[in-house]
Amino acid sequence: MLGQRYLYDGKAILDLNERQEESCKRIIEEQNKADSVYQFENFKCECGAGEEAFDVLAEKDRYGLKNRTVICRKCGLVMTNPRMTQESYDYFYDKEYGKLYRNHDKMDEDYFMKRVEYGQGVYNYIKANWSGEIKDVLEIGCAAGGILYYFDYEGCKVTGCDLGSDYISYGQRLGMDLRQCHSKELLRDGKKYDLIIVNHVLEHFLHIEQELDVISKLLKEDGILFVAVPGIKALVKSYGNDFLRYLQNAHVYNFSLGTLEQVMNKYGFELITGNEIINAIFSYTGVKKEIDKNYFLDIMSFLYQLEDIVDKRNREENYFLSTSCYKVKVSIYK
């Protein structure tokens, strides 16, 4: 355990609004039922290690939900273990995810336009790092299709899939080909794509091998896969340097660029370019490599450094509050 504050106590580290608090309450109440729709399962690390090789980092996530985060001592991959079953996640994404994570359960124009602006950034990143032509684009986990909307603006033919019905409906009303389904259902079309986007989605996959197998079949021979996930090493620039603020129950995996690359290599994908934020472009070669590097010490050292930063900040804040109270008391007695 990284520290006492990572023990489960049901308390959120974020300031939740009423909608988020209600969502957390519903999730906790449902999880406590004997016949809960939320069922959990243990699983092995991508390197093949089991429970005996896991160190527990945290028992809760940023929302105060029970969420056991572990790191594998054999390869350094960080994951939620046990995790919810696929059926449980499907229910969660359709009923609670938008309310808890996005602060709303329905899409609005302001939020959609922010995703369109983000889509422009994705487009520019890909154009700067890949010289191939982009005609047919698929996004897996597209929400309302904000990213795809920008690619459509640039003349691409776009397709998207997601599990959130309200979000899909919003994008469909704008004329985009969006479908409420898992990516494997798209194989029936027999269509292949120049570019597949999995933007902050890969960390949600329960069965990475199966998902990447589907993606490899949906990619054209010279196509590319764009992957964005919230990188652990990017915590120095986001989440207030706080690993606990980064943890969330919907994320099955938490990657550094190194751990992501070797998981992708395991299933035949080769890194073209990437950074620790993480934005990365992969090609599919079909050449599969064993996981042979261990990032455990590197990631643990990084996380402990972050804890030192948080501890120092908390001490400074507590000192400021205590001295401020003292000054108030002194002024009263004068």
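Me: Two strands count as a pair if DSSP finds at least two bridges between them. What makes strand 12 and strand 13 a pair?

Reply: Happy to walk you through it, but keep in mind that this is a predicted model. Strand 12 and strand 13 (residues 279-284) share five bridges, and the rule asks for at least two, so they pair. The sense of that pairing is antiparallel. You can look up one bridge yourself: Leu 271 has Phe 282 in strand 13 as its bridge partner.

Me: And what holds paired strands together in general?

Reply: Backbone hydrogen bonds do, and the strands can run either parallel or antiparallel.

Me: Which sheet has the order 8-7-6-9-10-13-12?

Reply: That is an open sheet of seven strands, and its pairing is mixed.

Me: Why do strand 8 and strand 12 each have one side without a neighbour in the sheet?

Reply: Strand 8 (177-180) and strand 12 (269-274) stand at the edges, and each has a single partner strand, so one side of each is left without a neighbour there. From one strand to the next, the twist averages 20 degrees.

Me: How do you know that helix 6 packs on the sheet?

Reply: Contact needs heavy atoms within 4.5 Å. Helix 6 (residues 165-173) touches strand 7 (157-162) and strand 8, and its direction makes about 160 degrees with that of strand 8. Helix 9 (residues 257-266) also packs on the sheet, touching strand 10 (219-228), strand 12 and strand 13. The direction of helix 9 makes about 150 degrees with that of strand 12.

Me: What makes strand 4 and strand 11 a pair?

Reply: Strand 4 (residues 78-80) and strand 11 have two bridges in the antiparallel sense. The rule asks for at least two, so two bridges meet it. One bridge joins Val 78 to Asn 254 in strand 11. Both strands belong to an open sheet of four strands, with the order 2-3-4-11 and antiparallel pairing. Strand 2 (54-60) and strand 11 (253-254) are at the edges of this sheet with a single partner strand each, so one side of each has no neighbour in the sheet.

Me: Why is the pair of Tyr 125 and Phe 226 called edge-to-face or tilted?

Reply: Rings pair if their centres lie within 6.5 Å, and planes over 60 degrees apart count as edge-to-face. By this rule the model has 20 aromatic pairs. For Tyr 125 and Phe 226, the ring centres are 5.9 Å apart and the planes stand at 65 degrees, so this pair is edge-to-face. Tyr 125 sits in helix 4 and Phe 226 in strand 10, so the pair ties together parts that are 101 residues apart in sequence.

Me: How much space lies in the largest pocket, and which residues are closest to its centre?

Reply: The largest pocket holds about 940 Å³ of space. It is lined by 41 residues, and Tyr 97, Arg 102, His 200, Val 201 and His 204 are the closest to its centre. Elements giving two or more residues to that lining include helix 2 (86-95), helix 3 (97-101) and strand 6 (136-140). Helix 4 gives the most, with four residues. The lining divides into 20 nonpolar, 13 polar and eight charged residues.

Me: What lines the second largest pocket?

Reply: It has 16 lining residues, with Gln 31, Phe 40, Leu 65, Lys 66 and Asn 67 nearest its centre. The volume of the second largest pocket is about 270 Å³. Helix 1 (18-31), strand 3 (66-72) and strand 5 (83-84) each supply at least two residues of this lining.

Me: What kind of peptide bond joins Asn 81 and Pro 82?

Reply: A cis one, with omega about 10 degrees. Pro 82 lies in the loop between strand 4 and strand 5. Another cis peptide bond joins Ile 277 and Ile 278, where omega is about 15 degrees. Ile 278 is in the loop between strand 12 and strand 13.

Me: Is the phi of Ala 143 positive or negative?

Reply: Positive, at about 55 degrees, although Ala 143 is not a glycine. You will find Ala 143 in the loop between strand 6 and helix 5.

Definitions and conventions:
Residues are numbered from 1 along each chain as its sequence is written. This is a predicted model: local features need pLDDT of at least 70, side-chain atom pairs count only at pLDDT 80 or more; totals for chains, interfaces and linings use all residues. Side-chain values use heavy atoms; hydrogens and water are left out. Axes are lines fitted to C-alpha atoms, for helices over the stretch in contact, and angles run from 0 to 180 degrees between N-to-C directions. On a 1 Å grid over the protein atoms alone, a cavity is a set of points where a 1.4 Å probe fits but cannot get out, and a pocket is an open set with protein on both sides within 12 Å along at least five of seven lines; lining residues have an atom within 4 Å of a point. Grid points are joined across faces, edges and corners, and a volume is the space filled by probe spheres set on the points. Ala, Val, Leu, Ile, Met, Phe, Trp, Tyr, Cys and Pro count as nonpolar, Asp, Glu, Lys and Arg as charged, and the others, Gly among them, as polar. Rings of Phe, Tyr and Trp (its six-membered ring) pair if their centres lie within 6.5 Å; planes under 30 degrees apart count as stacked, over 60 as edge-to-face and the rest as tilted.
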